[in-house]
Amino acid sequence: MRFSAFMVKNVVRRRTRALLTSFGLAISVGAMVALLSVSDRFKAATLESFRGRGVDLVVIAAGTPDQLNSELDEALAERIRAIPGVQAVGAGLIELIEVQRGKNSSSVLVQGWPLDNPAFRALKILEGRTLQPGDVHKILLGRTQAENLGKKVGDTVIVQKVPFEVIGIYESFTVYENGGMVLLLHELQELSARQGSVTGFSVVCDNVANKEQLVQQVKAAIEALPNATKKRSGLSAMATQDYVDSMALLKVATAMAWIVSAVAMIIGVIGVLNTMIMSILERVREIGILRAVGWPRRRIISMVLGESVLLSFSGAVLGVFGAIVVVKVLVLLPQVNGFIDGKMSLIAIAQGIGITVLIGLIGGAYPAIRAAQLTPTEALRHE
Amino acid sequence: MNEAIPSEYLMFADSVCKRYPDGNVQALHEVSVGIRPGEFLAIMGPSGSGKSTLLNLLGALDRPDAGEVYFRGEPLSKCRNLDQFRARQIGFVFQSFFLLPTLTACENVQIPMFEGPRLTDVQRVRRAEELLELVGMSHRRHHRPMQLSIGERQRVALARALANDPPLLLADEPTGNLDSQTAADIMDLLVTLQRDREMAMVIVTHSPEIGERADRLVRLRDGRIEEDRLLRLDEPVLAGR
Ligand SMILES: Nc1ncnc2c1ncn2[C@@H]1O[C@H](COP(=O)(O)OP(=O)(O)OP(=O)(O)O)[C@@H](O)[C@H]1O
Ligand SMILES: [Mg+2]
């Protein structure tokens, strides 16, 4: 018999209790992993949407927490383009808009781009065609959104009470563009009563040997430009990674995920603590036997810690599977599947398992010390 | 080595005192007793006379308040690792067996081996099976204690005590929970093993018949030695261990 086999036997002797404890942990870990994973994947997708197009800088109004709230003068595009080292500028307006879906409606990320926005080139048209000059009330649907709404090329979607004809269906490399829609900038400005303004610009810089430095120079030049809408102070140009890191929505999501994790962790520690204390108390005599036949305190400590890590680890495995199922089910919901894909973040899984092992160690520490403190004679006399 | 302790002793308790603070009981008053290698010592005495207390001191399960216990001339109070000392030098047999309920007979026997000389998993199993064979329990090696008769449980406990081949076996009323026939069988087994393995053995007992079979009999009363009598005149085995 191995020492590990001995620990496994000690854990499974109280089958129901072990199962309940690890099930409780599984729920905690599952929630933790699902949330961390969703926020991680969403962040990755956002980053991807810029990186995939070679965007070096994202320009939004300074002081706005995220792109949706940013408001800039459309005409700034010309002035940014004039900065040396700038290769292309894509203006864009992003709105979260109610789109009619059967009798209900749901929020969809709608992007408005002028025809010269290089982003158009990155859309893979699956059906129909892309937008062209002179198109009126025409719209492109992302692949996932088209499926959600059950729309094909030639169908009509009602956006903000205005009917639009589906002219094409595209696939993008980011999940939330696949769940979104694209129309011409001026049409979206009209719909949302934001004539002349955009939420931001994506800037592609020239490909030179010393690109890092060039990007810094362009960034400085953009931030020196005045914002003509004068509602806000200035411009903020951020490298894509910085921009994604600064997005309030993502920050909130990540913070939420960690808060839930912290709560889950505390509950987990208490659960393991409770189970292991009970397990120690009903085994006082057995621990006395082990000490009498020569097991040192440190082996008793390893035994109890090992058992509690075993317990929490089985909860973690169960929880990760649960989280995978939850995320897979979530993406089946139309409200969700435009924003995340069903993939799991490996980092989130690793974090979840790591934290649970920690839970096992923390929750097992006190019972382990208690068990090790028993003297053999006392323990053997215990009834 | 203390000059006063004759080197022929495997273990020697030198004027040990033990007092239990709760209940204010002086369980042992300056008790001195020595065990030679290969000797069979029986400890008798009325209930509460301090027999188990003395055995616990000899087995390093507890420390004396005063006095010293020597093993092969070395004081146990100087021993840095009493756990390892118990694991390798002492085999314990208890009145109520104290087997681990979730483990099979074979697994129970392996428990002390984790702290004995380094063995592989396979070697541990093989050794446990040999010991079970020795106590006549091979056919029950995959049974858990609850599935064994009382006498069988004590046989398994005996195999466990021999796990690391200790030079000294300490047994506290090993037949106290057994009917007379089973008790006699277990006693025969103990005596045979003790002789064959040239192992010293201390048995605490209330049974005069068992006391008669010992090489030496120590009688305690109120925490003092009342009688220390040699029953066998033939010299105990001194050589070897
Ligand atoms: N842990 C303890 N705390 C307090 N008193 C104790 C403790 N252990 C033993 N005693 C007391 O010390 C005395 C000697 O006890 P011990 O167990 O050594 O007796 P014993 O000879 O083994 O008796 P028995 O034949 O009944 O087993 C008794 O009076 C007992 O009540
Ligand atoms: Mg006793």
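**Exercise 1. Charges in chain B**

Task: State how many positive and negative side chains chain B has, and how far apart the centres of the two sets lie.

Solution. Start with the counting rule: Lys and Arg are positive, Asp and Glu negative, while His and the chain ends are left out. Each charge is placed at NZ of Lys, CZ of Arg, CG of Asp or CD of Glu. Chain B then has 30 positive and 35 negative side chains. The two centres lie 4 Å apart. Now take chain A: 39 positive and 31 negative side chains, with centres 13 Å apart.

This is a predicted model, in which local features need pLDDT of at least 70 and side-chain atom pairs pLDDT 80 or more, while totals for chains, interfaces and linings use all residues. Residues are numbered from 1 along each chain as written, chains are lettered from A and ligands numbered from 1 in written order, and side-chain values use heavy atoms, without hydrogens and water.

**Exercise 2. Two overall forms**

Task: Compare the radius of gyration of each chain with the globule rule.

Solution. The radius is taken over C-alpha atoms, and the rule is 2.2 Å times the number of residues to the power 0.38. Count elements as DSSP runs, numbered from the N terminus: helices are H or I with at least four residues, strands E with at least two.

- Chain A has 14 helices and twelve strands. Its radius of gyration is 28 Å, well over the 21 Å given for 383 residues, so chain A is more spread out than a compact globule. Its C-alpha trace spans about 90 × 50 × 35 Å along the principal axes.
- Chain B has seven helices and ten strands. Its radius of gyration is 17 Å, close to the 18 Å given for 241 residues, so chain B is as compact as a globular protein of that length. Its C-alpha box is roughly 45 × 45 × 40 Å along the principal axes.

**Exercise 3. A buried lysine**

Task: Place B:Lys51 and find the nearest side chain of opposite charge.

Solution. B:Lys51 sits in helix 1 (residues 51–58) of chain B. Buried means under 20% relative accessible area, exposed over 50%, partly exposed in between (1.4 Å probe, protein chains only). A salt bridge needs a side-chain nitrogen of Lys or Arg within 4 Å of a carboxyl oxygen of Asp or Glu. B:Lys51 is buried yet has no salt bridge. The nearest opposite charge, B:Glu173, is 5.1 Å away. Contacts (heavy atoms within 4.5 Å) beyond four places in sequence include B:Met44, B:His206 and B:Leu220.

**Exercise 4. Salt bridges across the sequence**

Task: Describe the pairs A:Arg53–A:Glu177 and A:Arg283–A:Glu307.

Solution. Side chains of opposite charge can pair when their charged atoms come close. A:Arg53 and A:Glu177 meet at 2.6 Å, N to O. A:Arg53 is in the loop between helix 2 (15–51) and strand 1 (57–61), A:Glu177 in helix 5 (residues 175–178), 124 residues apart. A:Arg53 is partly exposed at 21%. A:Glu177 is buried at 4%.

The closest N and O atoms of A:Arg283 and A:Glu307 are also 2.6 Å apart. A:Arg283 lies in the loop between helix 9 (248–281) and helix 10, A:Glu307 in helix 11 (residues 297–330), so the pair ties together parts 24 residues apart in sequence. Both residues are buried.

**Exercise 5. Inside helix 10**

Task: Is A:Ile287 buried or exposed?

Solution. Find A:Ile287 in helix 10 (residues 284–292) of chain A. Its relative accessible area is 1%, so A:Ile287 is buried. Its contacts beyond four places in sequence are A:Ile280, A:Ile300, A:Met303, A:Ala371 and A:Leu374.
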